Each structure stands twice: as C-alpha cells, then as structure tokens.
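These are my notebook entries on a single structure, set down in the order in which I looked things up.

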Amino acid sequence: MDISIIKNSILFQGMSEDEIKSSLIFFSSREDTFKKGTFILHEGDCTDEMGFVISGRVTIERDDMAGNRTLLSGIEPGQFFAETFALFPQAPLFVNAVATTDCTVLFFRLGGLNKLRSSSGEPWMLKFVTNLLAISSRKNLKLSARNFFTAPKTIRERVMVFLKSVSVQKNSYEFEIPYNREQLADFLNLDRTALSKELGKMEREGLIEYDKSHFRLLFLTKQAN
C-alpha cells in the first residue's frame, strides 16, 4: 500500500508513516475495486470493516418499502464510510453503499470496540481513535444538514438552501456539486422531472446558471453587489 495515498487523510492526522503502517497491519487492511453500479455493502448485512475511498465515488443510499431511493451522502476520494457499523458489527446496516463510478476502496477491519480496547496499549491508537471520532462527528453534522435541506416545502426553497450552503462551504458563487441530476433529486427528496423544471425556471429568471453539476449563483452575486 502506498502510504502517500492515505497519509493526508483525517484518520491519520498527527500520525507518522511508521504508525500508519502499524495501523494498516493491525486492522488487516485490504484493497478492492468495484465497477460502477456495484453494491459494496447491502442493507441488512453486518460488517466489521470500514471503507476508505482511494479513487472514484461511493454513495450511501436507502430504499423504502415502496422501492423509493433516498441518497444520504456521497463519499469522495479521501473519505470514509461504514465506520460506525464496523465498530458495532452485530448491528445490521440500514443503508446501501454503492459505487457511483468505477472505484477503489481500502478496507480496515476494525472488528468492533473490543478490538480497539484490546489495542489501547499501542502508542498510535489514541490518535487513531480521536481521528475516528472526528470523522463520525462530521458525518452526523452532514446528516443533520440534509434534514435542513429537505425541511422547506417548495422545490425552489430546497434548491436555494442547498446551493447557498454549498456556496458557503466552497467560499465561491461558482462551484461543482457532487451529484448528478437524479442524485440531487434523491438527496433533496424531490421528483427528478419537477427538479429539472424548477432549475430551468430559476435560470430563465436570472437566479442561477448551470451546466450539469456546475452552478453559478447569480442571486448571490447580485446581493454582494
């Protein structure tokens, strides 16, 4: 495993290369590749592994009883997924992890909380656990933010709140969002056709400009001026 690929990840913040190598061995890390559309983890499965996306993109999704899909989050290169389930491997997953593109994933066998406790004497473990807690906390913040995006009643309000949030994160009025049209509709809990129509109206009214996943927020640039 090329350490340079993962050493800048938040999981290994403050750890030396030797400590990272020790953790890779301790957690039986393994690399795997997946084709676009492949299910990496299935709802109902149990796992003691968390995944680190080396390349490509993974989405975390959930299907309801009627077969409607809800996109919960997108995992980019350098980010992790399934870390909470890997700490509680007896708990079945209530989501799917799907390869949005061809991707490569590095898995860490956390093996539950007992394994972390048994390894507490390792000099690097405190750093690892602290960083893992930071990752989990950020995930919770993202899930809370999604509730904020889906709270407005109208399509336009949901789109505006979401785009403004991304603008703040990117510190720019022009940016790429990590979703295609179908994924954005799923994420905002909207019908794809209705979303596309509303985006078209917003562009004609001079509020936004967009091309696929690239957006420019004219309503914010006007406010700034």
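**Entry 1: Glu198 and its helix**

I began with Glu198, which counts as buried because its relative accessibility is 12%, below the 20% limit for that class. I worked throughout on a predicted model. I located Glu198 in helix α7. Leaving aside residues up to four places away in sequence, I found that Glu198 touches Ile155 and Arg156.

I then examined α7 as a whole. Helix α7 covers residues 192–204, 13 residues in total, and reaches 19 Å from its first C-alpha to its last, close to the expected 18 Å. I listed its buried residues as Leu195, Glu198, Leu199, Gly200 and Met202. I recalled that an α-helix has 3.6 residues a turn, so residues three or four places apart point the same way. Which elements do the buried residues of α7 pack against? I noted two helices, α5 (155–170) and α6 (181–187), and two strands, β10 (208–211) and β11 (214–217).

I checked both ends of α7. At the N-terminal end, Asp191 acts as the cap, with a side-chain oxygen 3.1 Å from the backbone nitrogen of Thr193. After the helix comes Gly206, whose phi is positive, near 80 degrees.

**Entry 2: α5 and its contact with α4**

I turned next to α5. Its 16 residues should span 22 Å at 1.5 Å a residue, and I recorded agreement because the end C-alpha atoms are 23 Å apart. The buried residues of α5 are Arg158, Val159, Phe162, Leu163, Ser165, Val166 and Ser167. Just after α5, I found Asn171 with a positive phi of about 55 degrees.

At what angle do α4 and α5 pack? I noted an angle of about 145 degrees, with the axes 8 Å apart. On the α4 side the contact is made by Phe148, Phe149 and Thr150, and on the α5 side by Arg158, Val161, Phe162 and Ser165. I sorted the residues of this contact into four nonpolar, two polar and one charged.

**Entry 3: α4 itself**

I measured nothing by experiment here and took the computed span of α4 (residues 125–150). Helix α4 has 26 residues and reaches 38 Å between its end C-alpha atoms, close to the 38 Å expected. I listed Met125, Phe128, Asn131, Leu132, Ile135, Ser136, Arg146, Phe149 and Thr150 as buried in α4.

Is Leu126, a residue of α4, buried or exposed? I entered Leu126 as exposed because its relative accessibility is 65%, above the 50% limit. I also noted that the C-alpha atoms of Leu126 and Ser29 are separated by 19 Å, although the two residues are 97 residues apart along the chain.

**Entry 4: The nonpolar cores**

I looked for the largest nonpolar core and found that it has 24 residues. The members that touch the most others are Leu11, Phe12, Phe27, Met50, Phe108, Leu110 and Phe128. Two or more residues each come from α1 (17–26), β3 (49–55), α2 (83–87), β8 (103–109) and α4. The largest share, four residues, comes from α4.

I followed Met50 further. Not counting residues up to four places away in sequence, Met50 touches a list of residues that includes Leu11, Phe80, Phe81, Ala86, Leu106, Phe108, Leu110, Phe128 and Leu132. I also recorded a second, separate core of 23 residues, which includes Phe162, Leu163, Ile177 and Phe215.

**Entry 5: Positive phi outside glycine**

I kept in mind that most residues other than glycine have a negative phi. Ser28 has a positive phi, near 50 degrees, and lies in the loop between α1 and β1 (30–34). I classed Ser28 as partly exposed because its relative accessible area is 36%. Lys212 has a positive phi near 60 degrees and sits in the loop between β10 and β11. I classed Lys212 as exposed, its relative accessibility being 66%.

**Entry 6: The whole chain**

I closed with the protein chain as a whole, which has eight helices and 11 strands. Its C-alpha trace spans about 60 × 45 × 30 Å along the principal axes. Of its 225 residues, 45% count as buried. Of the contacts with a separation of 6 or more, I noted that 71% join residues 24 or more positions apart.

Terms used:
Residues are numbered from 1 along each chain as its sequence is written. This is a predicted model: local features need pLDDT of at least 70, side-chain atom pairs count only at pLDDT 80 or more; totals for chains, interfaces and linings use all residues. Side-chain values use heavy atoms; hydrogens and water are left out. The expected span of a helix is 1.5 Å times one less than its number of residues. Buried means under 20% relative accessible area, exposed over 50%, partly exposed in between (1.4 Å probe, protein chains only). Contact means heavy atoms within 4.5 Å. A polar contact is a pair of N or O atoms within 3.5 Å; within protein, one must be able to donate a hydrogen and the other to accept it, and residues adjacent in sequence count only if both atoms are side-chain atoms. Axes are lines fitted to C-alpha atoms, for helices over the stretch in contact, and angles run from 0 to 180 degrees between N-to-C directions. Ala, Val, Leu, Ile, Met, Phe, Trp, Tyr, Cys and Pro count as nonpolar, Asp, Glu, Lys and Arg as charged, and the others, Gly among them, as polar. A nonpolar core is a set of buried Ala, Val, Leu, Ile, Met, Phe, Trp, Tyr and Cys residues joined through side-chain atoms within 4.5 Å.
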